[in-house]
Amino acid sequence: MDTFADLVFLGGQVVTVDAEFSVASALAVTGGVISAVGGRDDVAPLVGPDTRVVDLRGATLLPGINDSHLHGCAFGMATPPLSLDLGHPAVTSLADVAEAVREAVGRVPGGQWITGHGWDPGFLDECVTDPSRQPSRRDLDAVSPDHPVVLYSFSGHATWVNSKALELIGIDRHTVAPPGGAIVVDDAGEPTGLLHEGAQALVQNALPPLSRQARTDAIRSTLATLARLGVTSYTEPGLGPGGDGIMRGALGAQTLDVYRQLLADGELTARVGVLVLPTGMASTAEEFARTLTALDDSGASGDADPRRLAIHGVKIFGDGIVPNKTAWMHEPYVGGGCGSLCVGGETDTERIAEIDAMIRHAHAAGHQLGVHVTGDRACDAVADAFAAAVAEHPRPDARHYVIHGDFLTAHSMKVLAAHGFGVNMNPTIKWTVADMEEEFVGAERAAYAWPYRDAIDAGVRVASGSDAPVTYPDWRQGVATMVLRESKAAGRVSGPEQRIGLAEAIRTYTIDAAWQDFADGWKGSLEPGKVADLCVLDGDLLSADPHDIPQMPVVLTVVDGQVVHDALRD
């Protein structure tokens, strides 16, 4: 007896993302698996009385999008109604932020914490006009003298609080920042209300922890957004004890339990890969090894359906970010300083030894490693540490990767490519910060940031992710940015020599992101036998002006053969 297809697509651009990047016109799905790819004649015999036949009318059918670096719970917590939206264009000035806080004060009971997310000094008028003008507690005190206020920057590497929050946290002129963190002070030595890197934990430890219901609601919100965007897989890059002090514990170990419950309840409408975060910023190698060993012994990595929810590896924070001047650079920033690794240790030599030991321990224990590094010197240190770990403990196909790799060097690329390692880049962050970074690293280095062309030409496997909530998880903008290298604020071209082609850009969000998940054998391209994770984009993506790609609607999203977003029937 013939088995008929559940779904059949006809009359479109079926972008297979196979080895040849071939384009077909029809595709069939049977039982959650792609059963045929080709032309109308190849799928016609599979059409039965209950088959849904979709006439694409020239639209584009792609593999489901794999956002390979996205903080799912944190993104849900950072978006309305769970948090104030302080990103551009919702706010354009410090005065706008103050007004948003003032309105929130009128809505919530006295003394309740007010939270917001997304502020970016590169898009706040007062800060753009005078780069020395930074957000301050005084901007918030007039509108919220009695409610503590905590506002997370778009990057997640800085937090802005008011005086009431400083009082409740217990921060004053005598408070010493944790290693790897900074409490920004004014000329009189008083805290301004800005906390960088590891100092943000001082805020997190004072906030009431997220409830299980809040975490569940946040992830559900994220899943609904991703379905509308055609995202069928994502990597949660860091859940564990080290995340308990980040965004009220949104990256904490309890969040992984919520994911498991959503899977059990049939609500996990995207595939989720997880990196475990044993320790946070400024960790020592000893603390890291002890915590990771305890996690391994607890059996925390076991999951019921590894194709829907799986722990792939371990995350380590290597350095900070360029806008905070905490990324570790070979050459000084404009104004001086080179940043540093953010792990334990008093000198660069000691810190290199610490991160070497952490990487060596996780590699020897059999884990994939994703290491947050942005500065060029940090990238070199981590790439060399990967190579040394493999030399000491040979293990084929470890698939370690550098997370962000903003200033990946030729040396780093050579080492990563030689060992089959990867890099996870962020085109939507490039789009967001391209104009702002010049004031920190100069025009030449700012243009080079996120060197897609060089990395791909060097043979490094490149995946793309949004780092949401740092940026909105819109892969369409990411693709346009990789092809155009134009900035968000001014529309200027930033590093045209690092542009890549449309096919290459699509691969970073599909098959190469699947490679990062050890899943390129069963997802990431539209080939018979692979899972039916699909995204339908209205219009012909292959012939579109790249400037128009961000506005092309996603009209259908399918995960494992099940429709999770359907604008065609709305």
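Leaving aside neighbours within four places in sequence, with which residues is T409 in contact? In this predicted model, T409 is in contact with D376, D380 and Y448. T409 lies in the loop between β19 and α13 (410-418). The relative accessibility of T409 is 15%, and the cut-off for a buried residue is under 20%, so T409 counts as buried.

A second loop residue on the other side of β19 was examined in the same way. R399 is placed in the loop between α12 (376-392) and β19 (401-404). With a relative accessibility of 10%, R399 also counts as buried. Its contacts, apart from neighbours within four places in sequence, are Q368, G420, F421, W515, F518, A519 and D520. For W515, one polar approach can be given in detail: a polar atom of the R399 side chain lies 2.8 Å from the backbone oxygen of W515.

The strand β19 that borders both loops belongs to an open sheet of eight strands. The order of the strands is β8-β15-β16-β17-β18-β19-β20-β21, and the pairing is parallel. At the edges stand β8 and β21, each of which pairs on one side only. Direction ignored, neighbouring strands of this sheet are turned by 25 degrees against each other on average. Strands of a sheet pair through backbone hydrogen bonds, either parallel or antiparallel.

Within this sheet, β15 (residues 231-239) pairs with β8 and with β16. Strand β8 (residues 65-67) runs parallel to β15 and is joined to it by three bridges. In this pairing, I65 stands opposite V231 of β15. Strand β16 (residues 271-276) is likewise parallel to β15, and six bridges link the two. Here T235 of β15 stands opposite G273 in β16. How many of the nine residues of β15 are buried? Nine of the nine are buried, so β15 is largely enclosed by the rest of the structure.

The loop before β18 offers a contrast in exposure. A365 has its place in the loop between α11 (348-364) and β18 (368-373). A relative accessible area of 40% makes A365 partly exposed. Between the C-alpha atoms of A365 and D67 the separation is 27 Å, and the two residues are 298 residues apart along the chain.

Another open sheet consists of four strands, in the order β5-β4-β1-β6, with mixed pairing. Its edges are β5 (33-38) and β6 (52-55); each has a single partner strand, so one side of each is left without a neighbour in the sheet. From one strand to the next, the twist averages 15 degrees. The partner of β5 is β4 (residues 26-30), and these two strands run antiparallel with five bridges between them. Across this pair, A26 stands opposite G38 in β5.

Aromatic side chains were considered next. A search of the whole structure finds four aromatic pairs. One of them is formed by F75 and Y472. The arrangement is edge-to-face, with 6.0 Å from centre to centre and 65 degrees between the planes. F75 lies in helix α2 (residues 72-77), whereas Y472 lies in the loop between β21 (461-464) and α17 (475-484), so the pair ties together parts that are 397 residues apart in sequence. Are the two partners buried or partly exposed? F75 counts as buried, at 5% relative accessibility. Y472 is partly exposed, with a relative accessible area of 45%. A ring also takes part in an arrangement with a charged side chain: K488 lies over the face of F123, at 5.0 Å from the ring centre.

The helix that follows the Y472 loop is α17. Of its 10 residues, 10 are buried, so α17 is largely enclosed by the rest of the structure. The buried residues of α17 include W475, R476 and Q477, followed by G478, V479 and A480. T481, M482, V483 and L484 of this helix are buried as well. An α-helix has 3.6 residues a turn, so residues three or four places apart point the same way. Just after α17, R485 takes a positive phi of about 60 degrees.

Technical notes: Residues are numbered from 1 along each chain as its sequence is written. This is a predicted model: local features need pLDDT of at least 70, side-chain atom pairs count only at pLDDT 80 or more; totals for chains, interfaces and linings use all residues. Side-chain values use heavy atoms; hydrogens and water are left out. Buried means under 20% relative accessible area, exposed over 50%, partly exposed in between (1.4 Å probe, protein chains only). Two strands pair if DSSP finds at least two bridges between them. Rings of Phe, Tyr and Trp (its six-membered ring) pair if their centres lie within 6.5 Å; planes under 30 degrees apart count as stacked, over 60 as edge-to-face and the rest as tilted. A charge sits over a ring if NZ of Lys or CZ of Arg is within 6 Å of the ring centre and within 35 degrees of the ring normal. A polar contact is a pair of N or O atoms within 3.5 Å; within protein, one must be able to donate a hydrogen and the other to accept it, and residues adjacent in sequence count only if both atoms are side-chain atoms. Contact means heavy atoms within 4.5 Å. Axes are lines fitted to C-alpha atoms, for helices over the stretch in contact, and angles run from 0 to 180 degrees between N-to-C directions.
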